[in-house]
Structure formats: C-alpha cells, structure tokens
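The following paragraphs lead the reader through a protein structure, beginning with a pair of helices and moving on to the interior. Please keep the sequence and the structure in view while reading.

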Amino acid sequence: MLVPKSSFEVLEDTRPHDVSLPAFMVSTTRGFLARMDPIVTLPPEFEAVETVLQAMPVKTHSGKPGLLATGQLGDTILKDLPDLSDHIEKYRDNLPVMNALYRDYSFLASAFLLEPCHMRFVKGEPYGLGRSFLPAQLSLPIVRCAELAGFKPFMEYAGSYALFNYRLEHPEAGLEYSNLRLIRAFEHGLDPGSSEAGFVLVHVDMVKNSGPLVHGTMSCLQALANADGLSNQQRRKAFNEGLRTMVSAMQKVNTVMETMWMKSKPRSYTSFRTFIFGITSQSMFPDGVVYEGVNDGKPLNFRGESGANDTMIPLMDNFLQVQMPDTPLTEILKDFRDYRPSNHRQFLVEVKKCCDEMGAKDFALAVGIERNSSVTDEDLALVKESRGLWLEALNQVRDFRWRHWCFAREYILKQTSHPTATGGSPIVTWLPNQLQAVMEEMIEISNSVGARSGTMELGSECQDIMDLVERQNQSLRKEVEKYCQERGVGAH
C-alpha cells in the first residue's frame with residue numbers, strides 16, 4: 001500500500017521472516033512496532049557480550065546484585081570484553097540481528113558512560129561527570145551496528161531501549177501486557193513487576209495499538225487522493241471512517257498510557273533514569289564523549305532515549321497539520337526526528353507532504369461551506385461529522401500530551417532538580433511548548449467552524465472538550481510559570 005503521491009510503501013504483510021528488510025518498517029498491522037518480535041539471544045560469536053549483559057543489572061535475573069550494583073561494570077568491560085567488530089560483518093545482511101546487536105551494544109555503552117553518575121546518585125550525591133571516553137570494544141561495534149541498522153550510535157527509544165527490548169513469556173499468548181518481559185535492563189527491570197519493566201513495557205503496550213492508527217491514516221489519505229473516482233459524498237464518508245479509526249486507536253493508546261501510574265511508580269523512576277540520559281545538553285558530558293577509533297578522536301554528542309521519539313504523536317501532528325510555534329523549543333522537537341528508525345522518519349515526511357499538498361485540514365473542516373446554498377443537507381451533515389472527528393483527533397493528542405506533562409511533573413519535577421530531560425530538552429518548558437500549540441489549535445478551529453454555536457455547532461460533547469481545553473490552557477500557563485520561577489529558568 002503506497003502513500004498517495006509517493007513511492008513509500010506501508011506494509012500490510014510484515015514479512016517477519018525476511019531478514020533482508022530492516023526490523024522497523026511501518027505497517028497497517030503492527031504499526032510502529034518492529035515487523036517481528038525482537039531477537040532475544042545474540043549469535044554465538046557474541047557470547048562475551050551476552051555474558052556481560054546478563055551480569056550487568058543492579059539486580060540480575062537470579063536476584064543477586066550485578067555489576068552496576070557494585071560499580072564494577074566499567075572495569076569488567078575493559079578487562080573481559082574483546083572487540084568483536086569483525087564478527088559483525090558476518091551478519092551485515094541480517095538486519096533484525098543487526099538491530100539486536102545495536103540494542104545490546106547501546107545498553108553496554110550507556111551503562112559504561114553513566115555508571116559513575118549512578119554510583120553517586122545512590123549515595124544521594126549529584127550526578128557529577130560521566131565517563132568521557134568510550135573504549136574501542138564498545139565504540140567500534142556500536143558505530144558499525146548503528147550504521148547498518150539505520151540508527152545513531154547511541155541508545156534510542158525504538159531500536160534499543162523500548163520497542164526492540166521485549167520478549168514474549170509464552171509466544172502463543174501474543175502481546176498481552178502480562179505476557180511481556182524485558183530482554184535487557186539496567187536496574188530491576190528483569191523483574192516484570194518492577195517500575196523499570198513497567199516503564200518500558202507500558203510503552204510497548206501503547207504502540208501495540210498503532211496498527212489501526214496507521215491504517216486509519218492511510219484510509220484518509222486515499223480518500224483525499226480519490227484515485228478510485230468516488231463521488232463527493234462517498235469520498236467524505238471514506239475520509240470520516242478513516243478519521244474514526246484514528247480516533248479509536250488513539251483512545252486505546254491513551255487508555256493504556258494511563259496505566260503507567262500503576263505499573264511504574266514516580267518515586268522509582270529517577271533511580272533507573274540515570275542510564276537513559278544522553279550526551280547532548282547534559283551536565284554529565286560538558287565536552288561530549290570521545291569514541292575510540294571514531295571521528296578522528298573528536299568528541300561526539302547524541303541525545304538520550306526519550307518517549308518523545310515515538311512516532312505516533314508526530315504522525316498525528318503531521319496529519320492534523322498542527323502548527324508549532326517558532327521557538328528554540330520547537331527546534332529541539334525537529335532535532336528529535338532524527339532519533340527514530342529511518343523508515344519511520346520517511347513515513348512522517350511523506351504523510352506531511354501528502355497532507356500539505358492535498359489540504360487535509362481544509363478538506364476536513366470545509367470552512368464556510370454552510371454559506372453555500374447549493375450544498376445538500378446530507379453533505380452538510382457529513383462535513384459536520386468531519387469537523388467533530390477532527391477536533392476529537394486533536395483532543396486525543398491533547399489528552400496524550402497533557403498526561404505526558406503530568407508524568408513529567410510527578411515523576412521528574414517533584415523528584416529531582418536536574419534541569420534537563422533524558423533527551424536533553426529543558427524539563428519545565430519543552431512539553432508545554434507542544435501541548436499549548438495543540439490547545440491553541442483546537443480553540444482556533446472551534447471558533448472558525450462555529451463548533452459551539454450556530455447552525456453547525458457540534459453538540460455538548462464538543463462543548464465539554466473545549467471547556468476542558470480552556471481550563472487546562474490556563475492551568476498549564478500557571479504551572480509552567482510557577483516551576484520556571486522556582487527553578488530560575490526562562491519560559492522559552
């Protein structure tokens with residue numbers, strides 16, 4: 001299935017056994033999850049990597065303290081882990097295996113660089129400095145794996161930490177949350193009841209619902225392109241059905257997202273969070289990190305793992321043509337686009353281009369159509385339905401971003417004074433930048449289509465949504481101002 005006006009293919013059959021394709025390719029069935037369940041065990045040539053990873057977590061699978069509990073990981077890597085770069089070439093044409101190698105080397109690299117910060121944190125001290133040098137037995141393999149698998153040579157959300165880091169306890173039970181386990185962990189994550197496991201696996205559980213989101217998006221784009229020559233009414237009905245599928249998918253995503261409160265406790269988050277920080281804009285790495293044998297010895301900088309690198313909300317932003325403010329905070333949002341699978345990146349580009357060229361928003365809202373006397377009542381009813389669904393889709397994005405802000409407040413702002421998020425964005429102001437943009441977009445659209453009054457008003461449900469938006473918009477501004485004053489930071 002091709003994105004209209006594009007050669008980009010969205011898979012309907014994920015071809016899970018085809019090792020020549022990247023692990024991550026957008027599909028209408030698995031959405032933004034990998035085409036297959038992640039590879040759990042590395043090839044035998046990498047037994048030394050597997051051994052260190054098994055011994056690494058603060059609490060190992062056996063329940064005994066691991067290398068990160070005693071601060072011995074760095075020395076173990078330097079003494080016991082050989083450079084296995086040459087073995088990578090044997091598997092260069094098996095891209096899912098390459099993705100697994102990238103995942104595992106990124107875990108080792110992050111743990112090695114941030115181990116000193118963790119050891120200080122558990123003593124109640126500031127993070128201090130991380131290691132500024134990544135040895136060749138880590139730097140050379142991760143750079144090569146990342147190059148072949150299509151990632152940056154540092155831990156990413158999809159390809160490493162979250163979406164390629166689960167296994168099924170019972171394969172026949174599928175992706176039910178109770179059947180999910182972590183493959184790799186830093187702290188207590190090998191225990192499925194731990195907050196670290198909950199934090200990662202709730203993300204997997206959310207993205208499990210992205211297949212219908214992609215399917216609904218494609219249905220809308222195909223209706224806009226109208227290659228089948230549908231009548232105006234048939235075309236709008238098809239568009240509305242696609243929108244309805246998108247809204248339903250996002251409702252499920254948001255419902256799962258709410259379970260984070262139970263499955264990962266706010267007070268526990270900061271203890272494993274240390275290991276998912278990046279290099280860019282972090283006090284732990286003021287001069288970047290030198291990767292031995294790479295980049296002529298010049299320091300490198302990469303952003304850290306962040307749920308902001310997920311593809312679902314950026315898809316909604318691009319499809320709904322949400323206008324972000326022209327601020328430095330939005331520039332960070334653009335920078336984050338590079339930290340996701342290359343196939344996901346291209347999909348987002350093609351969807352944005354398609355929606356801009358075909359005027360998705362203009363078609364959905366059809367502003368002023370009610371003043372056209374030649375339009376039938378049935379046509380007007382279908383436009384009214386489009387407008388309601390469009391606002392509801394925006395509302396699901398608002399709901400997601402509002403909850404994300406609540407997470408940041410409870411899990412981070414109330415637990416630590418560290419000023420930046422794991423991805424290097426300012427913790428107080430970055431999420432509100434996007435959240436306020438969505439709420440202002442909703443207010444503008446509601447006013448432009450007469451959603452709350454007149455012949456085309458959208459009813460009490462829309463009224464309730466917009467009342468909530470206005471309350472949250474005011475509340476958010478006050479909260480951001482409060483935290484900015486407390487922490488001595490600017491609003492932008």
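In this predicted model, a suitable starting point is the pair formed by helix 8, residues 195-207, and helix 10, residues 232-257. The axes of these two helices lie 8 Å apart, and the helices pack at an angle of about 165°. Angles over 145 degrees count as roughly antiparallel, and helix 8 and helix 10 are therefore roughly antiparallel to each other. Their crossing is right-handed.

Which residues bring helix 8 and helix 10 together? From helix 8 come V202, D205 and M206, and they meet V253, V256 and M257 of helix 10. By class, the residues of this contact comprise five nonpolar and one charged, with no polar residue.

From this pair of helices, attention may turn to the nonpolar interior. The largest nonpolar core has 163 residues, and those that touch the most other members are F186, F239, F319, F347 and W390. The element that gives the most to this core is helix 17, residues 377-413, with 15 residues. One of the residues just named, F239, can be followed in detail. Setting aside residues up to four places away in sequence, F239 touches C220, A223 and L224, together with F319, A360, F363, A364, S386 and W390. There is also a second, separate core of five residues, and its members include A366, V375, V383 and M456.

Among the residues that F239 touches is S386, which lies in helix 17. Is S386 buried or exposed? Its relative accessible area is 0%, so S386 is buried; the limit for this class is under 20%. Apart from neighbours within four places in sequence, S386 is in contact with R236, F239, N240, L243 and A364. The contact with F239 thus appears again when viewed from S386. Between S386 and A111, by contrast, the C-alpha to C-alpha distance is 49 Å, with a separation of 275 residues in sequence.

A further residue to examine is T217, which belongs to helix 9, residues 210-225. T217 has a relative accessibility of 0% and therefore counts as buried. Where residues up to four places away in sequence are not counted, T217 touches M246, L315, F319 and V351. F319 links this part of the account to the preceding one: F319 is touched by T217, and F239 touches F319 as well. F319 is also one of the residues with the most contacts to other members of the largest nonpolar core.

Terms used: Residues numbered from 1 in each chain as written. Predicted model: local features only at pLDDT ≥ 70, side-chain atom pairs only at ≥ 80, totals over all residues. Heavy atoms only, no water. Axes fitted to C-alpha atoms, helices over the stretch in contact; angles between N-to-C directions. Helix = DSSP H or I, 4+ residues; strand = E, 2+ residues; numbered from the N terminus. Parallel < 35°, antiparallel > 145°, perpendicular 65-115°, else oblique. Left-handed = near helix turned anticlockwise from the far one by under 90°. Contact = heavy atoms within 4.5 Å. Nonpolar A, V, L, I, M, F, W, Y, C, P; charged D, E, K, R; others polar. Core = buried A, V, L, I, M, F, W, Y, C linked by side-chain atoms within 4.5 Å. Buried < 20%, exposed > 50% of the residue type's maximum accessible area, 1.4 Å probe, protein only.
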